[in-house]
Amino acid sequence: MKAIIPTGGRGTRMQPLTFSTNKHFIPVANKPLIFYPIEAVAETGIKDVLITYNPGWLPAVKNILGNGRKWNLKFKYILQEEPKGLADVVRSCEEELAGEDFIFHLGDNIFTDGILDLYKYFLKHKPNGLVAMVKHSENWRLGVPYFDKFGNVTKIVEKPKNPPHDYAMPGVYFADSAFFKAFKGKDAVKPSSRGEWEIPDPFTWMIAHGYKVLVKEYKGGWLDPGKFNDWIESNQVLLDLNTNGKVESKIDLKSTLQGRVQVGIKCKIRGSRIRGPVVIGNNVLINNSYVGPYTSISDNCIIDNGSVENSVLMAGVKIHNVKQPIDNSVIGTEAEIADVDGHSNCLELFIGEKSQVRL
């Protein structure tokens with residue numbers, strides 16, 4: 001059995017950050033988003049993982065992920081020539097799968113309790129397809145399974161106008177080679193009105209053609225950090241779950257750490273107060289500052305005479321002498337925020353396209 005994890009997608013809802021980086025590599029709780037799906041797959045014991053990418057992205061993707069050895073996995077990179085939908089991602093892997101069963105785990109979804117139970121359920125019951133479902137108050141934005149009066153799934157509809165219940169499909173799917181029959185023959189599935197091959201359609205095709213498709217409720221935490229507020233919320237959830245309080249740098253006597261605060265190597269924390277849950281990467285300087293709960297600070301950041309909480313700081317961020325507290329923020333790689341001496345009555349901004357500034 002193999003796994004498929006995509007790295008494609010435009011990430012338009014996370015612009016302007018995604019103008020310069022792939023959404024899958026933006027950190028959540030100080031870890032690139034795509035690391036969470038990789039870890040979930042590794043926990044199942046599967047070793048062979050197909051990483052799909054769009055044209056022009058292979059060097060960047062390989063630079064971040066490497067060959068998979070970090071997770072005791074083996075990565076094979078597969079080109080999806082055009083971003084034509086999730087089902088097309090899977091279809092692009094058909095030759096490499098060579099008839100094997102597969103897990104398709106979206107690279108931007110996080111299952112906080114892992115997917116091991118779903119994996120074992122698929123192996124035990126041996127369906128042709130298995131999809132998960134979660135309760136979701138806005139399930140009309142997602143794929144929704146429909147059931148008959150006996151509880152058997154009859155079809156799966158992408159973004160229905162009037163869902164019959166409050167369940168939706170999160171981003172993990174299991175199937176065997178019958179999945180690919182849906183793309184062949186006179187009654188093959190077709191692209192949707194938006195020109196994409198939707199992931200529910202092959203499963204609905206299998207149901208209609210007598211194949212065994214099961215639906216299993218996932219009762220763990222599911223995170224889909226596709227928008228700014230979702231990213232902040234996901235950061236909070238993961239810091240709550242995973243912050244271990246390990247401190248690997250020396251903290252000066254004038255600083256205080258309260259609650260679970262995780263500190264990497266080669267950090268300097270001077271005259272500062274830090275309230276967890278907080279995760280701090282490597283080679284970070286925090287001087288005469290306050291860092292509040294639910295903040296993740298990536299490597300090589302500087303916070304000097306500032307106050308930050310409930311925020312995500314990507315690598316190399318610099319904050320100098322900022323009087324106003326920074327709260328509920330995502331700050332991109334190597335961004336600099338500073339109070340310039342002699343300009344106390346004005347703001348100096350160097351802001352990219354689609355940036356947001358709230359004062």
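Where is N321 found? It sits in the loop between strand 26 (318–320) and strand 27 (326–327), strands here being DSSP runs of E with at least two residues and helices DSSP runs of H or I with at least four, both numbered from the N terminus. The model is a predicted one, in which local features need pLDDT of at least 70 and side-chain atom pairs count only at pLDDT 80 or more, while totals for chains, interfaces and linings use all residues. Residues are numbered from 1 along each chain as its sequence is written, and side-chain values use heavy atoms, with hydrogens and water left out.

Back to that loop: N321 is not a glycine, yet its phi is positive, at about 55°. With a relative accessibility of 34%, N321 counts as partly exposed; buried means under 20% relative accessible area, exposed means over 50%, and partly exposed is what falls in between (1.4 Å probe, protein chains only). K159 is another non-glycine residue with a positive phi, about 50° in its case. The loop that holds K159 runs between strand 10 and strand 11 (167–168), and at 39% relative accessibility K159 is partly exposed too. A loop with a cis peptide bond also turns up: the bond joins G276 and P277, with omega at about 5°. P277 lies between strand 18 (273–275) and strand 19 (278–280).

As for the whole protein, the count is 8 helices and 29 strands. Its radius of gyration is 22 Å, close to the 21 Å that the globule rule gives for 359 residues, so the protein is as compact as a globular protein of that length. The radius is taken over C-alpha atoms, and the rule is 2.2 Å times the number of residues to the power 0.38. Along the principal axes, the C-alpha atoms fill a box of roughly 75 × 40 × 40 Å. Of the 359 residues, 48% are buried. Among contacts (heavy atoms within 4.5 Å) with a separation of 6 or more, 51% involve residues 24 or more positions apart. The accessible surface, from the Shrake-Rupley method with a 1.4 Å probe and, for residues, only the protein chains shown as cover, comes to about 17900 Å², and carbon and sulfur atoms own 48% of that.

Helix 2 (residues 35–44) is mostly covered, with 7 of its 10 residues buried. The buried set is F35, Y36, P37, I38, A40, V41 and T44. I38, with a relative accessible area of 0%, is buried. Leaving aside residues up to four places away in sequence, I38 touches I5, L65, W71, L73 and F75. Y77 is 39 residues from I38 in sequence and 14 Å from it in space, C-alpha to C-alpha. Right after helix 2 comes G45, with a positive phi near 100°.

Strand 9 (residues 143–147) is mostly covered as well, with 4 of its 5 residues buried. It runs antiparallel to strand 10 (residues 153–158), and 5 bridges join the two; strands pair if DSSP finds at least two bridges between them. Within this pairing, V144 of strand 9 stands opposite V157 in strand 10. The hairpin formed by strand 9 and strand 10 has 5 residues between the strands, and there G151 takes a positive phi near 85°.
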